[in-house]
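Dear colleague,

I am passing on the structure we spoke about, and below it you will find a short account of what turned up when I went through it. Please read the account with the structure open beside it.

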Amino acid sequence: MRHAALFCAFFATSFAFAAPVKHTAGPRIEITVTPAAAGSAPLTGRVLVAISKAATGEPRNLIDESYESQQVFGMDVTGAAPGTPIVLDDASAYGYPIRHLADLPAGEYTVQAVFNRYEEFHLANGKAVLLPPDKGEGQHWNTKLGNPMSKPVKLTFAKDAALTITADTTIPEPPTPAPDTKYIRHVRIRSELLSKFWGREMFVSAIVLLPEGFDSHPDAHYPTVVYQDHFHPNFSAIGWRETPPPADLQGREASRAKWQYAFYQAWTLPGRGPLYGHQCLHALWSL
């Protein structure tokens, strides 16, 4: 059931469907993406409206494959003018976990819209495709740098509702990676093959965990452990902490910090055989 729920959520938020353009009678949501948030270029991509009954948290961050997921509706948009309302209804949108907007129970919700913008890629094979570029967030529409979004607002939904939302801000930059240390280094390398295929600059990144004495022995060779990760800004294979955790940490956070520091202590233990840790990240389009 968990995989089935994830599959449904992925379809609701990511894929295009062939849907009629004629709008239906019944509930509708009008989303206006302002020029201040989107610029003057036409909007092409996918608009997503997250609808939440949760007491805390932004709706855009409460969509997942669990049974506690809040509601989201999504629809494709091509060439919409910033400042012009985009109409989302049952003729154009699909939802998760409730598929149809008309089936959403009446009541008060916290509502938030995000526009996941697509860009045109001119591939090496001569084809042109529209895709959402990754900005380092790992293809998460709800946290992608620069995506237009609205602030969470309280709205009352009814079966004949016509709700209006204004997306007048953008998703801010993600947290800055921790600075390099004696042991942790962040590496970013341009990929010749990927850049050629995608028709734009492409980079691969890695977070490298260095053995004791690495800088003083630049010509030494070490056994290497490679861990393929996704888009984490910091070393996450086990976690890394070079200082003891604060005494006031509680619960899972305290346990995680304890293990991170224990790993640091074991890694730097005198007499431990040298090892070279390499956490690979997925390819990233140039920002």
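**Strands, cores and one loop residue**

Glu30 has Val87 of β4 as its bridge partner, and the two strands concerned, β1 and β4, pair in the antiparallel sense over three bridges. Please keep in mind throughout that this is a predicted model.

These strands belong to an open sheet of three, in the order β4-β1-β11, in which the pairing is mixed. Because β4 and β11 each have a single partner strand, they stand at the edges, and one side of each is left without a neighbour in the sheet. Direction ignored, neighbouring strands of this sheet are turned by 25° against each other on average. As general background, strands of a sheet pair through backbone hydrogen bonds, either parallel or antiparallel.

A second group of pairings involves β6, which is mostly covered, with ten of its eleven residues buried. β6 pairs with β2 in the antiparallel sense over eight bridges, and there Val47 stands opposite Phe115 of β6. β6 also pairs with β10, again in the antiparallel sense, over five bridges, and in this pairing Glu108 stands opposite Thr156 of β10.

Turning to the interior, the largest nonpolar core has 27 residues, and those with the most contacts inside it are Ile29, Val49 and Leu88. At least two residues of this core come from each of β1 (28-33), β2 (43-52), β3 (71-80), β4 (86-88), β6 (107-117), β10 (153-157) and β11 (162-167). Apart from this core lies another, of ten residues, among them Ile207, Leu209, Phe235 and Trp267. In soluble globular proteins, nonpolar side chains tend to be buried together.

Which residues does Leu88 touch, once its neighbours within four places in sequence are left aside? Leu88 is then in contact with Arg28, Ile29, Ile31, Val47, Val49, Phe73, Met75, Ala93 and Leu101.

Finally, a residue outside the strands: Gln139 is found in the loop between β8 (128-131) and β9 (148-149). Is Gln139 buried, exposed or partly exposed? With a relative accessible area of 38%, Gln139 falls between the cut-offs of 20% and 50%, and therefore counts as partly exposed. The side chains of Gln139 and Lys144 are joined by a polar contact of 3.3 Å, while Gln139 and Asn116, which are 23 residues apart in sequence, are 9.8 Å apart in space, C-alpha to C-alpha.

With best wishes

Terms used:
Residues numbered from 1 in each chain as written. Predicted model: local features only at pLDDT ≥ 70, side-chain atom pairs only at ≥ 80, totals over all residues. Heavy atoms only, no water. Core = buried A, V, L, I, M, F, W, Y, C linked by side-chain atoms within 4.5 Å. Buried < 20%, exposed > 50% of the residue type's maximum accessible area, 1.4 Å probe, protein only. Helix = DSSP H or I, 4+ residues; strand = E, 2+ residues; numbered from the N terminus. Contact = heavy atoms within 4.5 Å. Polar contact = N/O pair within 3.5 Å; in protein donor to acceptor, adjacent residues only side chain to side chain. Pairing = 2+ DSSP bridges. Axes fitted to C-alpha atoms, helices over the stretch in contact; angles between N-to-C directions.
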